[in-house]
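Trainee: I'm new to this one. Could you walk me through it and tell me what the terms mean as we go?

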Amino acid sequence: MTDTSRHIPPTVYPSGLTLEELAALFPEEPLYRAKQIFKWISKGIESFDSMTNIPQPLRERLSERFDGHPISSNIEKQLVDEDGSLKLQIRLRDGAAVECVLLEDIEGRKTACLSSQVGCPMGCAFCKTGTLGFLRNLGADEILEQFHLLRRLRGFISNVVFMGMGEPLLNLENVRRAIALLSNHEGIGMSTRKITISTSGIVPGILDLAAHGPIVRLAVSLTSANPELRTHLMPVNKTWPLETLKSALLEYQRVTRDRITLEVVLIDTMNTSEHDAIALAEWIAPLKVQVNLIAWNPIEGMAFKTPSTAQVKQFAEILDHNGIVTIPRMNRGRGVMGACGQLGDTLKAQE
Ligand code: SAH
Ligand code: SF4
């Protein structure tokens with residue numbers, strides 16, 4: 001008998017395997033067994049022994065193959081904000097660390113904010129993760145494991161946003177696999193409409209998504225429509241300038257017919273003036289978007305200033321007068337430094 005398991009890298013943990021790949025691990029077993037195992041793995045079980053409808057010898061083989069544990073990551077630290085948001089620092093099997101957050105809104109809807117990379121190579125001037133540098137991409141198994149660990153502690157999760165550490169469109173292969181696993185009806189079964197990818201503006205990644213899917217909600221961190229200022233704050237603007245980005249967004253919108261979210265981090269005296277708001281509205285004109293205004297979350301050692309609530313409100317009003325929908329940003333998680341852009345405070349700078 002050929003050993004099909006050879007085709008699966010031994011470092012991939014079961015949370016990152018498709019149903020077909022799990023089935024290929026045990027070619028002599030009937031397909032319904034693989035489905036049963038896939039369901040268990042999708043529940044994020046702590047031990048192979050929990051697989052009560054799987055024969056003991058098969059549970060043992062699984063255990064041997066995956067070093068005794070269905071999940072390879074460990075929770076190193078848990079921080080709970082006074083608003084209930086939960087941030088986890090997670091130690092990965094190679095010793096690297098990432099963070100993820102569970103945010104709960106007023107209606108009780110739970111959103112997992114997941115990391116896609118260890119650190120981030122994009123170097124945005126206002127972002128904590130950007131100061132860590134880039135270590136490596138996360139595998140789909142490591143992305144799913146964040147989801148499982150958050151769900152173990154907080155129960156049913158309705159939404160996923162790739163707004164944790166890293167640039168998801170620079171790790172598209174693994175993020176794609178993670179989305180396929182999250183949305184598989186034999187497993188977690190989350191609608192792709194409930195999944196958001198947030199990107200700093202990686203144009204080839206946006207076009208790749210538009211051409212090949214999956215059709216998920218897209219959020220783009222724009223922050224400024226002024227080319228010089230955007231380049232200063234977000235170096236990605238040198239490689240894919242505002243106009244190139246706009247063309248890609250128009251293409252994404254043509255294919256998906258969906259409203260894109262633009263994230264604008266407001267930093268006092270940098271991009272909060274009336275002039276900035278009008279320039280933004282003009283840039284947006286051909287697009288169908290909603291704008292997420294985010295008051296910059298303070299980060300120790302950074303000389304930026306958070307704008308006042310009144311400033312944010314005024315900025316929103318100008319957009320509103322220009323027919324642009326703004327949505328209030330969840331500031332939840334601030335107390336545990338779990339709000340977006342603050343991930344990484346518990347981690348040492350990566351070499
Ligand atoms: N790398 C992706 C996703 C992770 S960052 C991206 O940049 O889109 C998630 C969001 O946090 C982005 O919109 C980013 O602009 C924002 N952000 C980064 N640092 C921040 C800070 N200090 N305060 C508020 N938002 C911040
Ligand atoms: Fe990376 Fe996003 Fe932070 Fe920019 S804002 S450094 S892309 S995580």
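Mentor: Sure, let's start with a term: buried area is the accessible area (1.4 Å probe) that two parts lose on being put together, summed over both. As for ground rules, this is a predicted model, where local features need pLDDT of at least 70, side-chain atom pairs count only at pLDDT 80 or more, and totals for chains, interfaces and linings use all residues. Residues are numbered from 1 along each chain as its sequence is written, chains are lettered from A and ligands numbered from 1 in the order in which they are written, and side-chain values use heavy atoms, with hydrogens and water left out.

Trainee: What area do domain 1 and domain 2 bury between them?

Mentor: About 1300 Å², 50% of it on carbon and sulfur atoms. Ser15, Phe38 and Ser42 supply 35% of the area that domain 1 buries against domain 2, more than any other three residues.

Trainee: Where do domain 1 and domain 2 begin and end?

Mentor: Domain 1 covers 4–65 and domain 2 covers 74–336; such bounds come from an automatic or database domain assignment. Their centres, taken over C-alpha atoms, are 33 Å apart.

Trainee: How many residues of domain 1 are in contact with domain 2?

Mentor: 18 residues of domain 1 are in contact with 14 of domain 2, where contact means heavy atoms within 4.5 Å.

Trainee: What makes a residue count as being near a molecule?

Mentor: One of its heavy atoms has to lie within 4 Å of the molecule. Around ligand 2 that gives Cys120, Met122, Gly123, Cys124, Cys127, Gly130, Gly166 and Ser200. Ligand 1 has 19 residues around it, and Gly166, Ser198, Ser221, Trp296 and Asn297 come nearest.

Trainee: Why is the pairing of Trp296 with ligand 1 called a polar contact?

Mentor: A polar contact with a ligand is a pair of N or O atoms within 3.5 Å, and a polar side-chain atom of Trp296 lies 3.0 Å from a nitrogen atom of ligand 1, so the pair qualifies. A polar backbone atom of Phe126 is also 3.0 Å from a nitrogen atom of ligand 1.

Trainee: How much of ligand 1 does the protein bury?

Mentor: Taken alone, ligand 1 exposes 530 Å², and the protein buries 96% of that. Accessible areas like this come from the Shrake-Rupley method with a 1.4 Å probe.

Trainee: What joins Gly213 and Pro214?

Mentor: A cis peptide bond, with omega about 0°. Most peptide bonds are trans.

Conventions. A polar contact is a pair of N or O atoms within 3.5 Å; within protein, one must be able to donate a hydrogen and the other to accept it, and residues adjacent in sequence count only if both atoms are side-chain atoms.
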